[in-house]
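Trainee: I am new to this one. Can we go through the terms and test each against its definition?

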Amino acid sequence: MSTPVNSSLLDRFRAIIERRLGLQFDDTRQGWLEDLLRRRIESAHQAGELYLAQLEYGAAPDQLTALAQELTVPETYFFRSSDQLRALQEQVLPERLRAQAARRCVRILSAGCASGEEPYSIAMALYGLLPDASWQLSIHAVDVNPAMLEKARRGHYTAWSLRETPAAMRDRWFRPIGSKVALDDTIRAAVTFEERNLNADDANFWRSGSFDVVFCRNVLMYFAPQAAQAAVARIARSLTPGGVLFLGHAETLRNLSQDFHLRHTHGTFYYERKVAQQPDIGAQAQAHAPATAADPSALTARALDRGESWVEAIGEATARVRALTTQPRSGPRPDAAQNSHLGRALDLFRQERFADALGLVQALPSESTRDPDMLLLHAVLLVHRGQLKEAKETCHRLLSIDGLNAGAHYVLALCREGCGDYTGSADCDQVAVYLDPAFAMPRLHLGLLARRAGDRDAMRRELQQAMVLLQREDASRLLLFGGGFDRSALLGLCRTELRAIGGVS
């Protein structure tokens, strides 16, 4: 007879999983969790209340281990993140070698290593890259699932695990053994494995400066927000200044940490632990203020046909904005001392009182202008006015506070385009897209940059994605970033450009 599981037991079970392991499961997994709880209770030969009590208070560590095995059975394979491994080889390792010249040791952690494919891929990628025999490469790998760790230590894998492994690596480091392949002992010896719960704060393990590089890929996405924040804080503490964190491609540190700079190289993103006075991504951008006012009824397609930039097109469509930012409307000027909140500035922006909004922001005391949202509004207002150099500087002030602000990276993309740096502009857009995949405007901008470059495939891909995102983009964000155009005008622009290359019906 099946063990009954009521809602009270299930809710308590979910809370224990979150507190002890950091994992969070939404209501779509409720049936699966109910089946899991029933099986674990029956396996323990205990009443449900007693089983949960032991989990809750740590009275039966073997039960938590068994539960972790059922909750964490990931699908992974060798060289899964080849772009990140290239970045590690060609960008991160040389930087770490310079930083650790006195210690002559580079230490890498694979957190949530599962059955070992990730740390072994790191070992293969870095084999032979140390300057000489006096250097040491330490690769440590941890996971909460002991069954996966045992498989990792054994080093036997199926051909499916090697499906993305370069042929040269397969031939060099693997040999057939029955229906499987065995990893060479040289690579096996390069990695040490340890059972460890990433949700537990062990001060001895996460001590300051323990690691130069941490891979924590596709782990945080399963954590509850509070548990993810705590885990990232431990990782940040354990990294040397300038040390690097690699996440999964679908993961970001947005809303989790301000301890890192975002970096972009070799077609991938990673995070670098902050060092005092270190510039963030895009710090070398230069910008000037182009654009002239024109008839606002002349929509962007005509400007784009003349080869002008999106920034210049914004200038044409928002001539009224330029006029408003040059001459304030009549009436009393807002008292900055009484109206120092973002809401007041946004209200002025919404009313098209751009000069008043800009004046309010510029008149704020210095401590108020460190508010990220106010800085972002200030940068947007400066772009509307064509003051791209000042907008760029404002964005960098914002990014020194919040380096993961997608809006600031998009505004920087406009500034870079304005000075003719189209590659740098696209890079900033890509950062914004990575940080916020639902953000429509950097997609649209990437499409227009691809149009300029004559890349029809990229143009089609980006503008089609922009149309999808524009349909559900928040109205206030469209107001802030839409360049003076409403949703229908931006959708119309996408359709017009796509029709020109046969990309939309």
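Trainee: What makes cysteine 419 partly exposed?

Mentor: First, a caution: this is a predicted model. Cysteine 419 has 26% relative accessibility. Partly exposed runs between the 20% and 50% limits, so cysteine 419 counts as partly exposed.

Trainee: And why is cysteine 415 called buried?

Mentor: Its relative accessibility is 1%. Buried means under 20%, so cysteine 415 counts as buried.

Trainee: How do you know that cysteine 415 has no bond to cysteine 395?

Mentor: The two sulfurs are 5.5 Å apart. A disulfide needs sulfur atoms within 2.5 Å, so this pair is too far for a bond. Cysteine 395 holds the closest cysteine sulfur to that of cysteine 415. Cysteine 419 is in no disulfide either: the nearest cysteine sulfur, in cysteine 415, is 8.4 Å away. The structure holds zero disulfides.

Trainee: Now the overall fold. How many helices and strands are there?

Mentor: The chain has 23 helices and ten strands. It has 505 residues, and 52% of them count as buried. Take contacts between residues at least 6 apart in sequence: 70% of these join residues at least 24 apart.

Trainee: Which strands make up the open sheet?

Mentor: Seven strands, in the order S6-S2-S1-S7-S8-S10-S9, with mixed pairing.

Trainee: What makes S6 and S9 edge strands?

Mentor: Each pairs on one side only. Strand S6 covers 191–195, and strand S9 covers 260–265. From one strand to the next, the twist averages 25 degrees.

Trainee: How do you know that S9 and S10 pair?

Mentor: Six bridges join S9 to strand S10, residues 268–273, in the antiparallel sense. Pairing needs at least two bridges, so the six bridges between S9 and S10 qualify. One example: phenylalanine 260 has arginine 273 in S10 as its bridge partner.

Trainee: What is notable about the phi of histidine 266?

Mentor: Histidine 266 has a positive phi of about 55 degrees, although it is not a glycine. Most residues other than glycine have a negative phi. Histidine 266 sits in the loop between S9 and S10. At 27% relative accessible area, histidine 266 is partly exposed.

Trainee: Which other residue that is not glycine has a positive phi?

Mentor: Alanine 114 is one, with phi near 55 degrees. It lies in the loop between strand S1 (105–111) and helix H6 (117–126). Its relative accessible area is 4%. The limit for buried is 20%, so alanine 114 is buried.

Trainee: Where does a glycine take a positive phi?

Mentor: In the hairpin of S4 and S5, at glycine 178, near 65 degrees. Two residues lie between those strands. Strand S4 (residues 174–177) and strand S5 (residues 180–183) run antiparallel, joined by four bridges. Isoleucine 177 stands opposite lysine 180 in S5.

Trainee: On to the rings. How many aromatic pairs does the structure hold?

Mentor: It holds 15. One of them joins phenylalanine 78 and phenylalanine 174.

Trainee: Why is the pair of phenylalanine 78 and phenylalanine 174 called edge-to-face?

Mentor: The planes are 75 degrees apart, and the centres 5.1 Å. Pairing needs centres within 6.5 Å, and edge-to-face needs over 60 degrees. Both tests are met, so the pair is edge-to-face. It links distant parts of the chain: phenylalanine 78 is in the loop between helix H4 (61–71) and helix H5 (82–99), while phenylalanine 174 is in strand S4, 96 residues apart. Both residues are buried.

Trainee: What makes phenylalanine 205 and tryptophan 206 an edge-to-face pair?

Mentor: Their planes stand at 90 degrees and their centres are 4.9 Å apart, so the pair is edge-to-face. Phenylalanine 205 is buried, at 10% relative accessible area. Tryptophan 206 is buried as well, at 1%.

Trainee: Which rings are linked into a cluster?

Mentor: Ring pairs link Phe260, Phe269, Tyr271 and Tyr434.

Trainee: Last one. Why does aspartate 436 count as buried?

Mentor: Its relative accessibility is 8%. That is under 20%, so aspartate 436 counts as buried. It is found in the loop between helix H19 (422–435) and helix H20 (440–453). Leaving aside neighbours within four places in sequence, aspartate 436 is in contact with Arg254, Ala406 and Arg477.

Conventions:
Residues are numbered from 1 along each chain as its sequence is written. This is a predicted model: local features need pLDDT of at least 70, side-chain atom pairs count only at pLDDT 80 or more; totals for chains, interfaces and linings use all residues. Side-chain values use heavy atoms; hydrogens and water are left out. Buried means under 20% relative accessible area, exposed over 50%, partly exposed in between (1.4 Å probe, protein chains only). Axes are lines fitted to C-alpha atoms, for helices over the stretch in contact, and angles run from 0 to 180 degrees between N-to-C directions. Contact means heavy atoms within 4.5 Å. Rings of Phe, Tyr and Trp (its six-membered ring) pair if their centres lie within 6.5 Å; planes under 30 degrees apart count as stacked, over 60 as edge-to-face and the rest as tilted.
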